[in-house]
Amino acid sequence: MAYNKNNIFAKILRREADAEIVYENDHVLCFNDIFPKSKIHVLIIPKNEYSNIYDFSKNSSINEKESIFVAFQALIDLFKLDKKGCRIITNHDVDGRQEVPHLHFHFLGGQDLGKMINI
Ligand code: 5GP
């Protein structure tokens, strides 16, 4: 998937669109999802242009990869979820039903999230 600079998360990164930012580090921005699916629903995105998890896994630096995990820990601490838990998922391309073509992780928590999928 070629990167599309007009996607909404690219606009948020350029500060052309608003977002409720909850955490930021050198390589990562985290903000509330506009249509939350749980009490806590934060989107975690790399600041550089990666379309999806495959693009990021293949092309990002070690520092960028590490920064994603630093953000995971920061959000768990921020929302005090280390005992209760949470769910972190990413949707990839067609079968994953990815809608916004800039890599993002959904950070969900604050309640029992149920089973992830019914199989
Ligand atoms: P996907 O389906 O691509 O995995 O998830 C895209 C997510 O982006 C959805 O949960 C959707 O609610 C969220 N989203 C779409 N547009 C906006 C927006 O303008 N602002 C914010 N904060 N979230 C958005």
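## A tour from helix 3 to the ligand

Start by selecting Ile 76, which is found in helix 3. Bear in mind throughout that this is a predicted model. With the solvent-accessible surface switched on, Ile 76 counts as partly exposed, at 23% relative accessibility. Now add Phe 107 to the selection: the two residues are 31 apart along the chain, and their C-alpha atoms are separated by 9.2 Å.

From Ile 76, follow the chain past the end of helix 3, which spans 62-78, and select Lys 80, which lies in the loop between that helix and strand 4 (87-89). Is Lys 80 buried or exposed? At 65% relative accessibility, Lys 80 counts as exposed. Its backbone deserves a look as well, since Lys 80 has a positive phi of about 55° although it is not a glycine.

A second residue to inspect for its backbone is Arg 15, found in the loop between helix 1 and strand 1 (21-24). Arg 15 is not a glycine, yet it has a positive phi, here of about 60°.

Next, turn to the cysteines and select Cys 30, which is found in strand 2. Cys 30 is buried, with a relative accessible area of 0%. If you also select Ser 67, which is 37 residues away along the chain, you will find the C-alpha atoms of Cys 30 and Ser 67 separated by 12 Å.

Keep Cys 30 displayed and add Cys 86, which at 31% relative accessibility counts as partly exposed. How many disulfides does a search of the whole structure find? The search finds zero. For Cys 30, the closest cysteine sulfur is that of Cys 86, and the distance of 12 Å is too far for a bond, because a disulfide is counted only when the pair of sulfur atoms lies within 2.5 Å. Seen from the other end, the sulfur of Cys 86 has its closest cysteine sulfur in Cys 30, at 12 Å, and that is again too far for a bond.

Move now to strand 3, residues 40-46, and select Ile 44 within it. Ile 44 is buried, with a relative accessible area of 0%. Add His 106, and you have a pair that is 62 residues apart in sequence but 6.6 Å apart in space, C-alpha to C-alpha. Leave His 106 selected, as it returns at the ligand.

Before going there, select His 102, which is found in the loop between helix 4 (93-96) and strand 5 (105-109). Although His 102 is in a loop, it counts as buried, at 0% relative accessibility. Its C-alpha atom is separated by 9.2 Å from that of Asn 48, a residue 54 positions away along the chain.

For the last stop, select the ligand, which sits in the largest pocket. Which elements give two or more residues to the shell around the ligand? They are helix 1 (8-13) and strand 2 (28-32), and strand 2 is the element you visited with Cys 30. In total, 16 residues surround the ligand, and the closest are Asp 33, Asn 91, Glu 99, His 104 and His 106.

Three polar approaches are worth displaying as distances. At Asp 33, a polar side-chain atom lies 2.5 Å from an oxygen atom of the ligand. At His 106, the residue paired earlier with Ile 44, an N or O atom in the side chain is 2.8 Å from an oxygen atom of the ligand. At Asn 32, by contrast, a backbone N or O atom is involved, and it lies 2.9 Å from a nitrogen atom of the ligand. To finish, show the surface of the ligand: taken alone the ligand exposes 520 Å², and the protein buries 85% of that.

Conventions
Residues numbered from 1 in each chain as written. Predicted model: local features only at pLDDT ≥ 70, side-chain atom pairs only at ≥ 80, totals over all residues. Heavy atoms only, no water. Buried < 20%, exposed > 50% of the residue type's maximum accessible area, 1.4 Å probe, protein only. Near = heavy atom within 4 Å. Polar contact = N/O pair within 3.5 Å; in protein donor to acceptor, adjacent residues only side chain to side chain. Areas by Shrake-Rupley, 256 points an atom, 1.4 Å probe, with all protein chains shown as cover. 1 Å grid on protein atoms, 1.4 Å probe; cavity = no way out; pocket = protein on both sides within 12 Å on 5 of 7 lines; lining within 4 Å. Sits in = over half its atoms within 2 Å of the grid points. Helix = DSSP H or I, 4+ residues; strand = E, 2+ residues; numbered from the N terminus.
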